[in-house]
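Here is a short briefing on one protein chain. Look over the sequence and the structure first, then read on.

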Amino acid sequence: SSRAPIDDAVLDDLKRRVVSRACRAALVTGADLSNCTVTAATLVACADPPRHVPVLLRLEINVPAQAFRITVRSPSPDAAAAFKNVLQALITSYFIMSSPRYPGGAALFHRPTDRPTDGPTGPPPRV
């Protein structure tokens with residue numbers, strides 16, 4: 001299989017890169033009894049009506065089966081469904097880009113710096 005095996009290093013990387021950074025979710029510490037479970041919370045912006053909806057997610061990893069279960073709860077069924085679809089796509093992309101077929105592909109999930117910039121290409125030039 002070209003899929004990277006799921007181990008503790010991969011789980012920690014998924015927590016950091018996909019759940020925390022890409023989904024902008026805060027990990028809920030103390031909620032997980034197992035190292036193979038991730039619980040996090042975030043807010044999802046909705047357009048109609050304009051508001052922020054809370055979303056709680058639980059990602060359960062079955063290491064022997066190399067599978068994930070995603071559970072998403074929210075007062076808004078639409079926000080929960082959209083967030084689940086985005087998370088599922090991010091996890092799928094993470095493993096595709098981490099496969100030997102795409103050397104260096106996992107770097108797409110890595111930000112070279114966490115410093116904010118003044119614009120899309122950095123600070124304006126000085127004159």
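The bend at a residue is the angle between axes fitted to the seven residues ending there and the seven starting there. Helices (H or I, at least four residues) and strands (E, at least two) are DSSP runs, numbered from the N terminus. This is a predicted model: local features need pLDDT of at least 70, side-chain atom pairs count only at pLDDT 80 or more, and totals for chains, interfaces and linings use all residues. Residues are numbered from 1 along each chain as its sequence is written, and side-chain values use heavy atoms, without hydrogens and water.

**Helix H1**
- H1 covers residues 8–22, and its end C-alpha atoms are 20 Å apart.
- That agrees with the expected 21 Å, because 15 residues are counted at 1.5 Å each, times one less than the number of residues.
- H1 bends by about 30° at Leu 14.
- Leu 14 is buried (under 20% relative accessible area, 1.4 Å probe, protein chains only).
- Other buried residues in H1 include Val 10, Arg 17 and Val 18.

**Arg 24 and Thr 42**
- Arg 24, just after H1, has a positive phi of about 55°.
- Its backbone oxygen lies 2.9 Å from a polar side-chain atom of Thr 42.
- Thr 42 sits in strand E2 (residues 37–46).
- Thr 42 counts as buried because its relative accessibility is 12%.
- Beyond four places in sequence, Thr 42 is in contact (heavy atoms within 4.5 Å) with residues including Cys 23, Arg 24 and Phe 83.

**Leu 57**
- Beyond four places in sequence, Leu 57 is in contact with residues including Ala 25, Val 38, Phe 83 and Leu 87.

Key
Buried means under 20% relative accessible area, exposed over 50%, partly exposed in between (1.4 Å probe, protein chains only). A polar contact is a pair of N or O atoms within 3.5 Å; within protein, one must be able to donate a hydrogen and the other to accept it, and residues adjacent in sequence count only if both atoms are side-chain atoms.
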